[in-house]
Each structure stands twice: as structure tokens, then as C-alpha cells.
Amino acid sequence: MAGRMVEFPTNGHTTQGYLATPAAGSGPGVLVIQEWWGLVPHIKTVCDRFAAEGFSALAPDMYHGKVANEPDEAGKLFMALQIDRAEKDLSGAARYLAGHASGTKLGAVGFCMGGQLALFAGCIDRTIGAVVDFYGIHPNVKPDYSRLGGPVLGLFAEKDGFVTPQVARDVEAAIRKAGKPVEIHVYPGVDHAFFNDERADVYNKPAADDAWRRTLAHFRAHLA
């Protein structure tokens, strides 16, 4: 791992996170928000990949030290997420990241649970100027799309049983109805979590590579 664990204040509490910065010292800032498994090595690797591309990336630990190794455990952590605490964690993470990033706008990207939280972050923090949502889902996280501060890129999977293509289109329609720019791409023949290269059962390299290309282009276009 090229980055390091850090700690930052979150409205009376402290939260840990994984911070990776580019060789130049700082770059456009991106919040990287975890799947329902927790702050696992895959998410830290994504931060390192952003740093290698010139970004400063911070993954806040939304579960505060807890991680899951199997779906039942992950599901319990997922449903136990306290939305008010998550809001404070995301806002604190954005403030901390801003001090290690260049430019005035941040990006937010998330996967599964984190995809929905990335949308949520884009609606609660005006410093976030672009969002990328990888197959986002959480029944208790309800973003107010009218408050989005920048364009949304949504990346979904045709075979996803959690976030179906229809759900993806519904998200797209809701964001458009709020008058905000959005682009949705549904990858044919792939399943939920196709970007996670540590899950051989669902990982799809061609789709993951294309999604990464789109993600970088989205942030470079809107965080410059």
C-alpha cells in the first residue's frame, strides 16, 4: 500500500481513513467510499490507483474499524449504518481531504453501499463537484438530488440483482427531474461488483477497465 491511515475530526468524534496522495504531493481530491464489506484492502488499492493518476484520495472508514468477510456479516453492518453519523463522517472526510488536495472542488466515488453514499455526499457537501456511483444501493440513504453540486456518472451492471438496470434508469430519471446533469452506463453481461478485482466470482476486467477510464475522465473534466 502506498498510502497511510489517518485520523480526522467529525463533529465531536474522530474517524479514521486511508489517504493516498500523488508523487507531486497533492492533486484533485476524491473521496473513495467503501462497499458493504468495510474499509478492506480493495478500497485502499483504489485510493492508491487514484494517487498514481495524480489525485489525492481518501477512503473514510464508515464502519469505524469493523470489516466483514462473508455476506451475512456485511449485511448486518450495512443495515446498522447510522445515517446521521455517516453524514458527519463524510463531511469531516471532505474537510480533511480538502487540506491535502489541489483545487476548490472534490470528487466522490463509491461502490455498492458506497455508491449511494457518494450520491449522498454530493448532496450534503457543496465542495463536491462530481460524483461517480458504482451500482449504489442503501435503502436508508435517500439523497436530495436537487442539492447536487455537480454532474453524476452512474456505472451499473446488466445482471445486477440488487441494483437492476431499471433501478439505474430510475436513478437517472430522478436526477434529471431535479435538473442536474447525469450520465448512466449499464454494462451488458456483468454482475454487481464487477469492478472488485478481489472477487473472482464477479470481477469483469473489460468492464472494470472501461469503468475506470470513464471515472478518471469524469473527474478530470469536472475537478480541473
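These legends walk through several close-up views of a predicted model. Residues are numbered from 1 along each chain as its sequence is written, and side-chain values use heavy atoms, with hydrogens and water left out. Because the model is predicted, local features need pLDDT of at least 70 and side-chain atom pairs count only at pLDDT 80 or more, while totals for chains, interfaces and linings use all residues.

**View 1. The whole chain, with six helices and eight strands.**
Helices (H or I, at least four residues) and strands (E, at least two) are DSSP runs, numbered from the N terminus. Following the sequence, you will meet them in the order β-β-β-α-β-α-α-β-α-β-β-α-β-α. The radius of gyration, taken over C-alpha atoms, is 16 Å, close to the 17 Å that the globule rule gives for 224 residues, so the chain is as compact as a globular protein of that length. That rule is 2.2 Å times the number of residues to the power 0.38. Along the principal axes, the C-alpha atoms fill a box of roughly 40 × 40 × 35 Å. Of the 224 residues, 55% count as buried, where buried means under 20% relative accessible area, exposed over 50% and partly exposed in between (1.4 Å probe, protein chains only). Taking a contact as heavy atoms within 4.5 Å, residues 24 or more positions apart account for 69% of the contacts with a separation of 6 or more.

**View 2. Strand 3 and its two pairing partners, strand 5 and strand 4.**
Strand 3 covers residues 27-33, and six of its seven residues are buried, so the strand is largely enclosed by the rest of the structure. Two strands pair if DSSP finds at least two bridges between them. With strand 5 (residues 101-111), strand 3 pairs in the parallel sense over seven bridges, and here Gly29 stands opposite Leu106. With strand 4 (residues 56-60), the pairing is also parallel, over three bridges, and Leu31 has Leu58 as its bridge partner. From strand 3 the chain crosses through helix 1 (residues 41-52) to strand 4 in a right-handed β-α-β crossover. Right-handed here means that, with the strands pointing away from the viewer, the path from the first strand over the helix to the second runs clockwise.

**View 3. Two edge-to-face aromatic pairs, Trp36 with Trp37 and Phe55 with Phe219.**
Rings of Phe, Tyr and Trp (its six-membered ring) pair if their centres lie within 6.5 Å; planes under 30 degrees apart count as stacked, over 60 as edge-to-face and the rest as tilted. By this rule there are 15 aromatic pairs. In one of them, the rings of Trp36 and Trp37 are 5.8 Å apart centre to centre, with 70° between the planes. Trp36 counts as buried at 19% relative accessibility, and so does Trp37 at 12%. For Phe55 and Phe219 the values are 6.5 Å and 65°. This second pair links distant parts of the chain, 164 residues apart: Phe55 is in the loop between helix 1 and strand 4, and Phe219 is in helix 6 (residues 205-222). Phe55 is buried at 2% relative accessibility, and Phe219 is buried at 0%.

**View 4. An aromatic cluster, with Arg49 over the ring of Trp212.**
Phe50, Phe55, Phe111, Phe134, Tyr135, Tyr187, Phe194, Phe195, Trp212 and Phe219 form one aromatic cluster. The charged end of Arg49 sits over the Trp212 ring, 4.2 Å from its centre. A charge sits over a ring if NZ of Lys or CZ of Arg is within 6 Å of the ring centre and within 35 degrees of the ring normal.

**View 5. His64 and Cys112, two non-glycine residues with positive phi.**
The phi of His64 is about 55°. His64 lies in the loop between strand 4 and helix 2 (71-79), and is partly exposed with a relative accessible area of 35%. Cys112 has a phi of about 60° and lies in the loop between strand 5 and helix 4 (113-124). At 6% relative accessibility, Cys112 is buried.

**View 6. Ala178 beside Tyr145 and Ser146.**
Ala178 is in the loop between helix 5 (165-177) and strand 8 (182-187). With a relative accessible area of 27%, Ala178 is partly exposed. Leaving aside residues up to four places away in sequence, Ala178 touches Tyr145 and Ser146. The C-alpha atoms of Ala178 and Tyr145 are separated by 5.9 Å, although these residues are 33 residues apart along the chain.
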